[in-house]
Amino acid sequence: MVEPEPVPKTVQPSQQHVEEAGIELAPATTENDIPHLSEKVVDGDEALKILQAHFEPFTPEEERRVKWKIDIRMVLIMFLINGIQFVDKNTIAAAATYGLAKEAHLHGQQYSLLVTLFYLGYFVAQYPTNFLMQRFPLGKYLTVNIILWGLTLAASGSATKFATLATARFFMGIFESCVNPGFILITSSWWRREEQAARFGFWYSANGLMGAPFGLVFWGIAHIHARGFFPYQWMFIIVGVITVLIGISLWWLLPDSPLTASFLNDRERLIAVERLRSNHTGIKNVHHKKEQVKEALTDVKMWMLVLAVFWHNMTNSLQTSFSGLIILGFGYNTYQAVLLNIPTGMILAAGMLIVSFFLSSKWGEGKRIFIILLFYIPGIVSTAILYAIPVNPHTRGVHLYAIFTVNITAVSAELTYSLLAANIAGYTKKTVAGALYFSAYCLGNIISPQAFLTTQAPTYKTGIAVTLASYSILEIIFAGLYLMYRRENSKRDKEMADVHLTADEDLINAFSDLTDKKNKLVRYKV
């Protein structure tokens, strides 16, 4: 006699299922009280208030059309902002190549201090700016800061001494401090987690794609000869004015969230939000929650990411502020040094775009940390060349190879951004993590220039040795983080094997503003 197959567990709405997933529900006032979903959840996500009343099923074709509209608007805007930020921030490197130190009477470590002061302002502003981004409309907040940093950069064109340049650099850091944390919030609020790494790659590739043409712009500006004005002053003024004009246009172009996006109609806005249900990370919650702050500060996996950001940015001075000066040391003149910086941006952009397309394919799932580890290897090789091989006419080619390829490690930094967006849930926890993440970014960039000693120019042996050590440490950190993520995912798979949620419970779970630690349905992207 054949025994009947076991009957699967019946999936019914239950308090137990919801609690096992980590959701906190508000108590019912009477036995028969059935409130709306948004009222059942204690301080849930803003999206839940919309979906519980208005959602209707949508087709895959509708979703593709909405995603395409989002990509065209949001990725292009983020590409433009990130590109102009990269150019603005690194205008000082081009100015240094064209004689900033001489014309502004800088001496000793003062140029390194100018690089550091930008990141000091960035560091000071981190927690306040992340708090304000949670409280105020994100698009408008970013727009105001972009206009202010453009004005500051243009005004620094009047500076002819260290004190004035130092003040301008500090305030530029304050105003630019919101951009990268804001982009992490935007990316996690507009795209599914499996889509995010590719979008990060597209907008981050602006560092190379816009850096290259602006290298030619700086080369042209250097040929402006006006009485009483030095080339570096024209660079600050022209790029600053461009930034202000872009910032003004963003007041109308950059939406605050999918819930209020004017370029989508009512139904498209609902689809844009509902398609993110599987993220389990929500859209926005304006309340700053103390328990999420505490969890963020005690989360070992988050601190591993923070350490990774610090050590990556200990390598940043070689890639940006000092690369032109090192190329000058190879025996090239000023104009050649600026033009030879252009290939580094193109190589970086190509690497990011290739990785972005790979991660968006079926072969890219589960490969983020592997690619991070892979792209730090060229950094180790390049810095070993710069440190160990003496500069002479016969070795100039291999040294140029090292300078051209070291920037490819920025692909790893972009994927680290994507891990922060995908693997940290809870809006307050995400903003706290963003503040710590970019504080570490600042500390790395504050300390790193000081390792490039003026007395060691143009080889900067100490700075290159620190960069080589940092790349090696990063390989260890990400290998450890990969093991931690895999172990936690396996543990949750076992714990949640017999837990099944209804459609309503799943909607509640997705938009309850739970942290990744409390929401047992979250699986960490690796």
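In which crossing, left-handed or right-handed, does α16 pass α23? The crossing is left-handed. This is a predicted model, and the protein chain in it holds 26 helices and zero strands. The briefing below treats the chain as a whole, then two helix pairs, one helix taken alone, and a set of individual residues.

**The chain as a whole**

- Of the 526 residues in the protein chain, 56% are buried.
- Among contacts in the protein chain with a separation of 6 or more, 84% are between residues 24 or more positions apart.
- The protein chain has an accessible surface of about 21,900 Å², and carbon and sulfur atoms contribute 65% of that surface.

**Helices α16 and α23**

- Helix α16 covers residues 300–313 and helix α23 covers residues 410–423. Their axes lie 11 Å apart, and the two helices pack at an angle of about 155°.
- Because angles over 145 degrees count as roughly antiparallel, α16 is roughly antiparallel to α23.
- From α16, the residues that take part in the contact are Leu-305, Val-309 and His-312. On the side of α23, they meet Ala-410, Ala-413, Thr-416, Leu-419 and Leu-420.

**Helices α21 and α22**

- Helix α21 (residues 368–388) and helix α22 (residues 396–406) have axes that come within 9 Å and cross at roughly 145°.
- The crossing in which α21 passes α22 is left-handed.
- The contacting residues of α21 are Pro-378, Gly-379, Ser-382, Thr-383, Ile-385 and Leu-386. Their partners in α22 are Val-398, His-399, Tyr-401, Ala-402, Ile-403, Thr-405 and Val-406.
- Ser-382, found in helix α21, has a relative accessible area of 0% and is therefore buried.
- Leaving aside residues up to four places away in sequence, Ser-382 touches Ala-402, Thr-405 and Val-406. These three residues are listed among those of α22 that meet α21.

**Helix α20**

- Helix α20 runs over residues 342–359 and has 18 residues. At 1.5 Å a residue it should span 26 Å, and its end C-alpha atoms are 26 Å apart, so the expected span and the model agree.
- Buried residues in α20 include Ile-342, Thr-344, Gly-345, Leu-348 and Ala-349. Gly-351, Met-352, Val-355, Ser-356 and Leu-359 of α20 are buried as well.

**Lys-89 in helix α4**

- Lys-89 lies in helix α4, which comprises residues 60–97.
- Is Lys-89 buried or exposed? Its relative accessibility is 11%, so Lys-89 counts as buried, the cut-off for that class being under 20%.
- Apart from residues up to four places away in sequence, Lys-89 touches Phe-118, Tyr-119, Arg-169, Glu-176 and Tyr-441.
- Lys-89 and Val-115 are 26 residues apart along the chain, and their C-alpha atoms are separated by 9.1 Å.

**The loop between α24 and α25**

- Helix α24 (427–447) and helix α25 (461–495) are joined by a loop in which Pro-458 has its place. The peptide bond from Ala-457 to Pro-458 is cis, with omega near 5°.
- Tyr-460 is found in the loop between α24 and α25. Tyr-460 is not a glycine, yet it has a positive phi of about 50°.
- With a relative accessibility of 6%, Tyr-460 counts as buried.
- Ala-451 also lies in the loop between α24 and α25, and its relative accessible area of 12% makes this residue buried.
- Not counting residues up to four places away in sequence, Ala-451 touches Thr-462, Gly-463 and Val-466.
- Ala-451 and Ile-464 are 13 residues apart in sequence, while their C-alpha atoms are 8.3 Å apart in space.

**His-105 in the loop between α5 and α6**

- His-105 is found in the loop between α5 (100–103) and α6 (110–135).
- Although His-105 is not a glycine, its phi is positive, at about 60°.
- Is His-105 buried or exposed? His-105 has a relative accessibility of 58% and so counts as exposed, since the exposed class begins over 50%.

Methods: Residues numbered from 1 in each chain as written. Predicted model: local features only at pLDDT ≥ 70, side-chain atom pairs only at ≥ 80, totals over all residues. Heavy atoms only, no water. Helix = DSSP H or I, 4+ residues; strand = E, 2+ residues; numbered from the N terminus. Expected span 1.5 Å × (residues − 1). Buried < 20%, exposed > 50% of the residue type's maximum accessible area, 1.4 Å probe, protein only. Contact = heavy atoms within 4.5 Å. Areas by Shrake-Rupley, 256 points an atom, 1.4 Å probe, with all protein chains shown as cover. Axes fitted to C-alpha atoms, helices over the stretch in contact; angles between N-to-C directions. Parallel < 35°, antiparallel > 145°, perpendicular 65-115°, else oblique. Left-handed = near helix turned anticlockwise from the far one by under 90°.
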